[in-house]
Each structure stands twice: as structure tokens, then as C-alpha cells.
Amino acid sequence: MKKTALVTLILIFFVYSSSHGQTDPAHEEYIKATTAPTLPQKIKLLKEYLNKYNGKGSQYENYANAHLCFYTSQSNKLSEAIEYGEKAITMSGLDDFTKSQLYITLSSIYAKQATNLEKAKNYALQAVEIARVNKDKKSSTTTPAQWIQLMGAGYYIHAQTQEKAKQLKGAASSYIKSYDFLKNPQIGKDLKKVGKSLYNFKFYSNAEEAFRVAYNILNDYESCSYYAKSLFKNKKRDEALTYFKKAYQKKKSGEIAYNIGIILAGNSKKNPNTSTEAIKYLLEASFLSPSNSKKARSLAESIFFNSKEAFGYNEKVKELIELNKQLVETTELFNESFGDKSEEELSEKQKKEIESWQADIEALQEKIKKLEAEQKVIVNKFNKLLEDTKKRLGSK
């Protein structure tokens, strides 16, 4: 929602407060100016009206200044708009609807120029308050819907001025209030922008609220992923997991896959049933995220080889180390005892001892061979997971 577009929206609701029954020259010239067919003609005739009747007690001097504020702002003559608007709000006799629009228009201009921001914020809130007071009043010239639009516009400009003043927390809050009234999707984009700044400044609670609303409005990947990251930073891991998964459905991101894997890996300590899902996302992250590739692969391997899918792989590794150690020690002892003797030098007793030693060595070798085969099956399972992940992602 551009600020100029917002001013145009406000002008649609402009109420002409004049007594059409009068026929004095000032009245006729005022009506002629306000009903001129083009904007330049309206501005020209209203200026002529003020030059002629300014300070002479004209009934419409206040409204002529108000009109000129609106029209010159539409023509991007902002200095003139400020001059006429500031004068109009000091004059008596303006109806609340027009006054509320003046406050919004002036606040919008100041926000656009990034000047007088405190005044701009004050004007925006005055517009909101006027609209709030009048919203439920019965009127023949305005409707509750018009006042609601003005309240939303007031909060929107208030948010704009706060954003310009680097008051990001307040800006997010005002944008949310504005959306509650206007339901304009553009506000979601404004909230997303402010939310990213809040996140980068580590205001995670405020960022979470901004992205909660932005995502509900926009339903886009970026808002969803930032909402999930904000939840995660605020230690709401289960909620974060839900929205990380939603974001991943919208876009296969390595960073998101890694975050999902990290949360699931943590959950697997209490619930082993989540291990398979954690491995899936971590392996995808290992292919999709260059910065997290090694960490993701390493964590996936750790979870897999400690899971029931690995059938005690790590215990087998320990057992293999022990068996190989025994094999080396047994072989060394055998060689020390019989390595330098020929068969002719051996007694029958020694020959039987050799047979026993060899049987022990062969038994150890068989156990080692069996365990290595079992290990290979488990390693092949993990390699199959890698290949399946590649195919799923279309990676080479």
C-alpha cells in the first residue's frame, strides 16, 4: 500500500460540508471550484477563492484550505499541501470526518518526507481517536464502515512514521492494528519487511508476532520460514517444527531441512520413532545446504548407526575392535612359541598345541568375517538412503 494510494483512498470518503441552499457569490464560487472537472482546475479555482475571500469571514475558508491540502497532495505539491492542511486544522467549523482525513493526509506527507515524525505520529493517532469516537454514532453523512477505514488508515500511517523513526516494535504493532481494520493484503508485505528487521536485530518475540500475522495474510514461503525461525528462537520447538515443515512444502530449502532435522534429532532422544524422519531431512539438508552439508551428514550417520535400523552397529564396531585385538595378540603369541620351528622339531604334544592355537585363530577370523559382513549390510542400508535421497531431490 503506497502512501499516495492511501491518501487517494481517504479522499474517496471526503464529505462536503456546505449549505447548498445559499446563493451568495462566495458560496457559488466555492461550489464551482470543488465541482470543477479536473484536479488542476479545482486547485486553481480554490486558490482564487482564497485570494479573494481569505480573512473576510467566508463560511468556506476552512474547507477551501482542507480541499487544497487534499488536492495539492494528490498533485505531489507536498509543501503546499502542508501549508494548507496545517492552516485548515487550526480553523473552527470543520466536521470530524474532514478533520480526521486532514490529520491522516498531513501525517502521510511527513512520513513520506521523513520529517516531523513525532508530529506525524501524533496526527495519525488523533485521526484514529476521532474515528473511534464517531464510529458508533448515528449520522446521515457517514457510515461506521467509513470510520473503520479511517481508523485503519490512521494506524497504517502511524506504522509508517514509526518505521521511518526506526521504532520497529511499535511499527509492527500498528501495522497489525491497521490490518485488523483494513484487511488489505499489502499490509502483510509491510509486516514482513518490519519483521525481518526485528529478527535481524534479535527481537525474536516481536518478530514472531509480525510474521504470525504476515504469514496468515500472505501464506508465502518467506513469511512462513521466518515465522518458524522466530518460534525456534523463542524455544517453541514443536510449533516451529510445524511451520518449518509447511515452509519446506513450499520450497525445498537446505536451511529449512536442516532445522527440521535438528528438531527431530532432539525429539528422537525421547521418542526413537522420530529417528527415521530426522535422518530423512538431515540427508536432504546434506545435499541442499552447502553450509550445513557436513554437519547434517554427520548427524544423520550418528542417528542412523545408533538406531534400531542399524541392529547394534556401534556394538559390533566395539566387538570387532576387541576381536581384532585378540587375533593380533593370539597370532603374536603363536609366532613367539612356534614361529621359528619346523614340523620335524615339533613333538606330538606341541603339534596338538599348534592345532588348538590354529583353531582359536580360525574361530576369531570367522567371527570377524561374520561381523564385517553384518556391518556391510548396515552400511549398504545407509548408502541406499543416500541414493534414495539423491533420486528424490534429483541430485547428481
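These legends walk you through several close-up views of a predicted model.

**View 1. An aromatic pair joins helices α6 and α8.**
The structure holds 18 aromatic pairs, and here we meet the one formed by Phe97 and Trp147. Their ring centres are 4.9 Å apart and their planes stand at 80°, an edge-to-face arrangement. Phe97 belongs to helix α6 (residues 96-113) and Trp147 to helix α8 (residues 144-164), so this pair links distant parts of the chain, 50 residues apart. Both Phe97 and Trp147 are buried.

**View 2. Phe304 and Phe382 form a tilted pair.**
With 5.3 Å between the ring centres and planes at 50°, Phe304 and Phe382 count as tilted, because that label covers angles that are neither under 30 degrees nor over 60. Phe304 comes from helix α16 (residues 293-305), while Phe382 comes from helix α18 (residues 348-393). The two sit 78 residues apart, so here too the pair links distant parts of the chain. Phe304 has a relative accessibility of 3% and therefore counts as buried; Phe382, at 2%, is buried as well.

**View 3. Four tyrosines gather in one aromatic cluster.**
Look here for Tyr30, Tyr49, Tyr53 and Tyr60, which together make up the cluster.

**View 4. Two lysines lie over tyrosine rings.**
Lys229 lies over the face of Tyr226, at 4.2 Å from the ring centre. Lys280 is placed over the face of Tyr281, and its distance from that ring centre is 4.2 Å.

**View 5. Thr274 sits in the loop between α14 and α15.**
The loop that holds Thr274 runs between α14 (254-268) and α15 (275-288). Is Thr274 buried or exposed? Its relative accessibility is 13%, so Thr274 counts as buried. The side chain of Thr274 reaches the backbone oxygen of Leu264 at 3.5 Å. Leaving aside residues up to four places away in sequence, Thr274 touches Leu264, Asn267 and Ser268.

**View 6. Lys183 and Asn219 have positive phi values.**
Neither Lys183 nor Asn219 is a glycine. Phi is about 55° for Lys183, which is found in the loop between α9 (168-182) and α10 (186-200). For Asn219, phi is near 50°; its place is in the loop between α11 (204-218) and α12 (221-233). Asn219 has a relative accessible area of 45%, so this residue is partly exposed.

Key: Residues are numbered from 1 along each chain as its sequence is written. This is a predicted model: local features need pLDDT of at least 70, side-chain atom pairs count only at pLDDT 80 or more; totals for chains, interfaces and linings use all residues. Side-chain values use heavy atoms; hydrogens and water are left out. Helices (H or I, at least four residues) and strands (E, at least two) are DSSP runs, numbered from the N terminus. Buried means under 20% relative accessible area, exposed over 50%, partly exposed in between (1.4 Å probe, protein chains only). A polar contact is a pair of N or O atoms within 3.5 Å; within protein, one must be able to donate a hydrogen and the other to accept it, and residues adjacent in sequence count only if both atoms are side-chain atoms. Contact means heavy atoms within 4.5 Å. Rings of Phe, Tyr and Trp (its six-membered ring) pair if their centres lie within 6.5 Å; planes under 30 degrees apart count as stacked, over 60 as edge-to-face and the rest as tilted. A charge sits over a ring if NZ of Lys or CZ of Arg is within 6 Å of the ring centre and within 35 degrees of the ring normal.
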